[in-house]
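Please consider how the helices and strands of the structure below are arranged relative to one another. The explanation proceeds through its sheets, its helix pairs and one loop residue.

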Amino acid sequence: MAASTGALALAGCLSSDPTAAEMRIGAPWEPNVDPLDGGSTLRRLGITEALLGVDYDANPAPELATDWERLDDRSWQFSLREDVTFHGGDSFDATAAVESLERTLESAAFADLPIETVSADDESTVVVETETPFSPLPAHFSRNEAVILNPSTFDEDGSISEPVSTGPFAVDSFGSGGAVSCVRHDEYHGERPEIESVRYERVEDDQVRRMKLESGELEMARILPLGTVDALESADGIDVHTPEIPRIRFLTFDTTSEPFDDERVRRAVNYAIDLKELTESILEGIDDPAVGPFSQDITEWANPDLEGYGHDPSRARRLLSDAGWASAGGNDVRTRDGETLEIEIPTFDARSLPLIAEVLQSDLSAVGFDVDVRTIEYNAMLEQVSQGSFDAYLTSWGTLYYPDPDRLAELFHSEEATLHHGYENEEVDALLEEARELDDRTERKERYYEVQSIVLEESPVAFLTNYTNVIATAGDVSGYEPHPIESRYGLESITVDDE
């Protein structure tokens with residue numbers, strides 16, 4: 001694969017001396033070579049691009065497509081940028097886009113989408129036909145798995161050994177231990193980066209990432225503990241960013257078995273939990289209580305009229321009594337027909353979740369539950385709750401990882417939900433299905449707002465907290481703006497003062 005003389009010279013320098021990169025980034029995630037295996041890091045580094053990106057209002061935005069339109073219920077047209085080149089010099093056009101997208105559509109990541117065909121109408125136009133009306137299509141074409149790769153680099157079996165795309169940075173090399181070095185793509189079609197070289201390294205330990213930043217070994221350290229914010233903000237030569245992202249922590253109930261087959265018991269849990277105290281203590285006052293799946297600070301798809309439950313232990317006790325769970329007084333465990341109100345809540349070791357589980361244990365015990373909290377491996381937790389009846393499990397989810405509220409179907413549709421709550425509501429199903437077909441944004445919003453109101457009331461899950469990332473940069477880094485759904489680091493807009 002060809003490259004400019006300057007890029008090759010710089011690449012040789014980077015390969016022999018990783019510390020030579022102008023921008024060094026540390027995060028806990030390992031970058032995968034193939035976007036279909038998890039391409040978020042490649043996308044964030046500006047290596048890969050898709051037909052559509054995501055703007056800073058968390059809406060689909062032009063990337064390799066300049067615009068798009070819905071021709072009819074089942075047809076979409078995407079107009080492509082001209083004079084775009086892949087890393088190495090090959091031209092990008094509709095034929096290349098289609099061949100790359102066909103590989104994406106054959107993958108497990110896109111297997112459930114109702115996309116029938118993708119074709120090149122001419123050199124700069126891609127047409128997509130869907131099996132059913134599908135309004136979220138543009139949002140799905142902004143996903144990391146849908147990035148456009150140079151088809152000439154695909155192996156015979158469709159696999160790739162290097163991600164060759166069109167972004168402002170190109171891969172120089174993948175190193176051991178989850179490192180990738182990048183160089184500027186001088187033929188980039190958009191804003192030309194000031195930075196010539198970037199090195200990303202996987203640093204799993206939170207404190208090691210912080211130390212590397214403080215010692216000058218990194219220009220950016222990502223996903224730092226909430227408890228480090230005050231110390232970092234008071235340190236010289238470090239800037240701290242705390243953007244809220246579309247991720248929530250929540251309890252998922254088994255609505256098909258006792259005790260949480262009774263809506264009153266699920267609502268009692270919501271009233272029993274002191275979310276304000278939880279966020280003030282465990283989460284350092286940085287994360288906020290959640291009232292629904294989306295935050296109003298991130299997206300207009302969040303229902304602005306949701307108020308949440310509030311902390312009301314007395315009401316929780318009344319609901320439990322109404323459901324037949326009697327109290328012997330004090331903090332004794334409630335009983336019904338000789339059975340005690342015992343529940344088990346598994347969670348996994350993901351930063352604050354085990355600590356949050358302990359708070360839930362205390363709050364629920366105060367209204368008459370006997371709570372057993374267990375921290376187990378994530379896949380073991382999923383296996384447990386998918387095998388049969390359970391009580392509840394504590395987890396976290398990205399609720400807007402593609403910029404469309406159709407994500408709610410994966411949370412609450414009776415047949416499409418990947419949560420294991422067993423929740424069924426025909427009205428919710430109908431609203432989600434209607435919204436998926438509608439083109440008018442206002443009409444879609446009305447339906448999604450109603451879905452959020454219903455699930456808050458019926459509580460197949462208990463929304464606990466929103467989620468904040470902690471990112472620290474060296475003081476000589478300018479121009480960094482956190483992206484609302486984390487799809488990019490915006491390196492093409494960053495400068496590093498070398499003085």
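The following paragraphs describe two sheets, then two helix packings, and finally a histidine in a loop.

The model is a predicted one. One of its sheets is open and consists of four strands in the order β4-β5-β7-β6, paired in the antiparallel sense. The edges are occupied by β4 (65–72) and β6 (115–122); each has a single partner strand, so one side of each is left without a neighbour in the sheet. On average, and with direction ignored, neighbouring strands here are turned by 20° against each other. The edge strand β6 is joined to β7 (residues 125–130) by six bridges, and these two strands run antiparallel. Within this pairing, Ile-115 is found opposite Thr-130 in β7. A helix also belongs to this picture: α3 (residues 94–105) packs on the sheet, where it touches β5 (75–80), β6 and β7. The direction of α3 makes about 170° with that of β6.

Strands of a sheet pair through backbone hydrogen bonds, in either a parallel or an antiparallel manner. A second open sheet, with three strands in the order β18-β13-β19, has antiparallel pairing. Its edge strands are β18 (392–398) and β19 (461–468), each of which pairs on one side only. In this sheet, neighbouring strands are turned by 20° against each other on average, direction ignored. Strand β13 (residues 244–253) pairs with β18 in the antiparallel sense over seven bridges. Two positions illustrate the register: Thr-252 stands opposite Tyr-393 in β18, and Arg-249 has Ser-396 of β18 as its bridge partner.

How is the edge strand β18 placed with respect to the rest of the structure? Seven of the seven residues of β18 are buried, so the strand is largely enclosed by the rest of the structure. Ala-392, Leu-394, Ser-396 and Gly-398 point one way from β18, while Tyr-393, Thr-395 and Trp-397 point the other way, and all are buried.

The helix packings come next. Helix α7 (residues 263–272) and helix α9 (residues 313–322) have axes that come within 8 Å and cross at roughly 165°. This angle makes α7 roughly antiparallel to α9, and their crossing is left-handed. From α7, the contact involves Arg-264, Val-265, Arg-267, Ala-268, Tyr-271 and Ala-272; from α9, it involves Pro-313, Arg-315, Ala-316, Leu-319, Leu-320 and Asp-322. By class, the residues of this contact between α7 and α9 comprise eight nonpolar, no polar and four charged.

In the other pair, helix α13 (residues 426–437) packs against helix α14 (residues 441–458) at an angle of about 155°, and the axes are 9 Å apart. The two helices α13 and α14 are therefore roughly antiparallel to each other, and α13 passes α14 in a left-handed crossing. On the α13 side, Glu-427, Val-428, Leu-431, Leu-432, Glu-434, Ala-435 and Arg-436 take part; they meet Arg-444, Arg-447, Tyr-448, Glu-450, Val-451, Ile-454 and Val-455 in α14. The contact of α13 with α14 has eight nonpolar, no polar and six charged residues.

Finally, His-483 is located in the loop between β21 (477–478) and β22 (495–496). Is this loop residue, His-483, buried or exposed? His-483 has a relative accessible area of 4% and is buried. Not counting residues up to four places away in sequence, His-483 touches Val-54, Asp-55, Tyr-56 and Arg-488.

Technical notes:
Residues numbered from 1 in each chain as written. Predicted model: local features only at pLDDT ≥ 70, side-chain atom pairs only at ≥ 80, totals over all residues. Heavy atoms only, no water. Axes fitted to C-alpha atoms, helices over the stretch in contact; angles between N-to-C directions. Parallel < 35°, antiparallel > 145°, perpendicular 65-115°, else oblique. Left-handed = near helix turned anticlockwise from the far one by under 90°. Contact = heavy atoms within 4.5 Å. Nonpolar A, V, L, I, M, F, W, Y, C, P; charged D, E, K, R; others polar. Pairing = 2+ DSSP bridges. Buried < 20%, exposed > 50% of the residue type's maximum accessible area, 1.4 Å probe, protein only.
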